[in-house]
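Subject: The structure, and what was found in it

Dear colleague,

Here is the structure I said I would hand over, and below it I have set out what was found. Please keep the model open while you read, so that you can look at each residue as it is named.

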Amino acid sequence: FMHTVEHVGLGRYGDPIDPSGDLKAIEELKRVTKKGGTLIIVVPIGKSKLMYNAHRIYSYEQIMSYFDGFELKEFALIPDDADKKGIIINANKALSDEQNYGCGCFWFIKK
C-alpha cells in the first residue's frame, strides 16, 4: 500500500472530509490481512503533521502504534537527503524522527 493512506479523508481527490479517514483505511488494511500475512505500507515519515489538504506526515511511533498486532519485519527510510545517502535499510526511529518529509517503508507481518 504505497502513498495512499496519507491522503484518505482530506478531500483532495473528491473523497469526503473525514479527519480519521486514514485511521479507518489502516483498520481495513489490518482487517483484510490474514494471520501470518505480509503488509507493506509506505508513507511520508518525519515530524508528525497535517499538510491540509494534500497529505499527512507520520512519525515512526504513530505508524508503529497503528499497527499493533503486527510485527515489524523491516523498516527502510528514504531520507530527506536521499541524493547523498540513498535508501537506508533497517533505519532507526531517531533518524526517521529527524526527517521533514522522508519516505518510510514498513514491512509488517500480522501476528
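Before we come to the sheet, one definition is needed: two strands are said to pair if DSSP finds at least two bridges between them. Please also bear in mind throughout that this is a predicted model.

The sheet

With that definition in hand, you can trace an open sheet formed by 4 strands in the order 1-6-4-5, with antiparallel pairing. Strand 1 (38-45) and strand 5 stand at the edges of this sheet, and because each has a single partner strand, one side of each is left without a neighbour in the sheet.

Strand 4, which covers residues 70-78, runs antiparallel to strand 6, residues 102-110, and 8 bridges join the two. If you would like to follow this pairing residue by residue, you could begin with Glu 74, whose bridge partner in strand 6 is Trp 107, and then move to Ile 78, whose bridge partner in strand 6 is Cys 103. Strand 4 is also joined to strand 5 (residues 88-89), again in an antiparallel manner, by 2 bridges, and here Leu 77 has Ile 88 as its bridge partner in strand 5. While you look along these strands, it may help to remember that in a regular strand the side chains alternate between the two faces of the sheet.

The aromatic rings

How many aromatic pairs does a search of the whole structure find? The search finds 8 of them, and two can be described with their geometry. The rings of Tyr 58 and Tyr 66 have centres 6.3 Å apart and planes at 85 degrees, so this pair is edge-to-face. The rings of Phe 67 and Phe 70 have their centres 5.8 Å apart and their planes at 85 degrees, so they too form an edge-to-face pair.

As for where these residues sit, Tyr 58 is buried, with a relative accessible area of 1%, and both Phe 67 and Phe 70 are buried. Ring pairs also link Phe 67 and Phe 70 with Tyr 60, Phe 75, Phe 106 and Phe 108 into a cluster. Trp 107, which we met as the bridge partner of Glu 74, has another contact that deserves a look, since the charged end of Lys 73 sits over the ring of Trp 107 at 5.3 Å from its centre.

The salt bridges

Side chains of opposite charge can pair when their charged atoms come close. The structure holds 6 salt bridges, and I describe some of them here.

In one of them, Lys 30 is joined to Glu 27, with the closest N and O atoms 3.2 Å apart. Because Lys 30 and Glu 27 are 3 residues apart in helix 1, about one helical turn separates them. Is Lys 30 buried or exposed? With a relative accessibility of 14%, Lys 30 counts as buried, whereas Glu 27 is partly exposed at 46%.

Another salt bridge is formed where the side chains of Glu 28 and Arg 31 meet, at 2.7 Å from N to O, and these two residues are likewise 3 residues apart in helix 1, or about one helical turn. Glu 28 is partly exposed, with a relative accessible area of 39%, while Arg 31 is exposed, with a relative accessible area of 57%.

In helix 4 (residues 93-97), Asp 97 and Lys 93 lie 4 residues apart, which is about one turn of the helix, and they form a salt bridge in which the closest N and O atoms are 2.5 Å apart. Asp 97 is partly exposed, with a relative accessible area of 24%, and Lys 93 is partly exposed as well, with a relative accessible area of 35%.

Lys 93 also helps you to see how parts of the chain come together, for its C-alpha atom is separated by 8.7 Å from that of Ser 59, although the two are 34 residues apart along the chain. Ser 59 is found in the loop between strand 3 (55-57) and helix 2 (60-66), and at 15% relative accessibility it counts as buried.

The surface

Finally, Ile 17, Leu 50 and Tyr 52 make a nonpolar surface patch of about 360 Å². Ile 17 has its place in the segment before helix 1 (21-32), and Ile 17 is exposed, with a relative accessible area of 54%.

With best wishes

Technical notes. Residues are numbered from 1 along each chain as its sequence is written. This is a predicted model: local features need pLDDT of at least 70, side-chain atom pairs count only at pLDDT 80 or more; totals for chains, interfaces and linings use all residues. Side-chain values use heavy atoms; hydrogens and water are left out. Patches are made of residues with over 30% relative accessible area and no salt bridge: like charges are joined within 9 Å, nonpolar side chains (Val, Leu, Ile, Met, Phe, Trp, Tyr) within 5 Å. Accessible areas come from the Shrake-Rupley method with a 1.4 Å probe; for residues, only the protein chains shown count as cover. A salt bridge is a side-chain nitrogen of Lys or Arg within 4 Å of a carboxyl oxygen of Asp or Glu. Buried means under 20% relative accessible area, exposed over 50%, partly exposed in between (1.4 Å probe, protein chains only). Rings of Phe, Tyr and Trp (its six-membered ring) pair if their centres lie within 6.5 Å; planes under 30 degrees apart count as stacked, over 60 as edge-to-face and the rest as tilted. A charge sits over a ring if NZ of Lys or CZ of Arg is within 6 Å of the ring centre and within 35 degrees of the ring normal.
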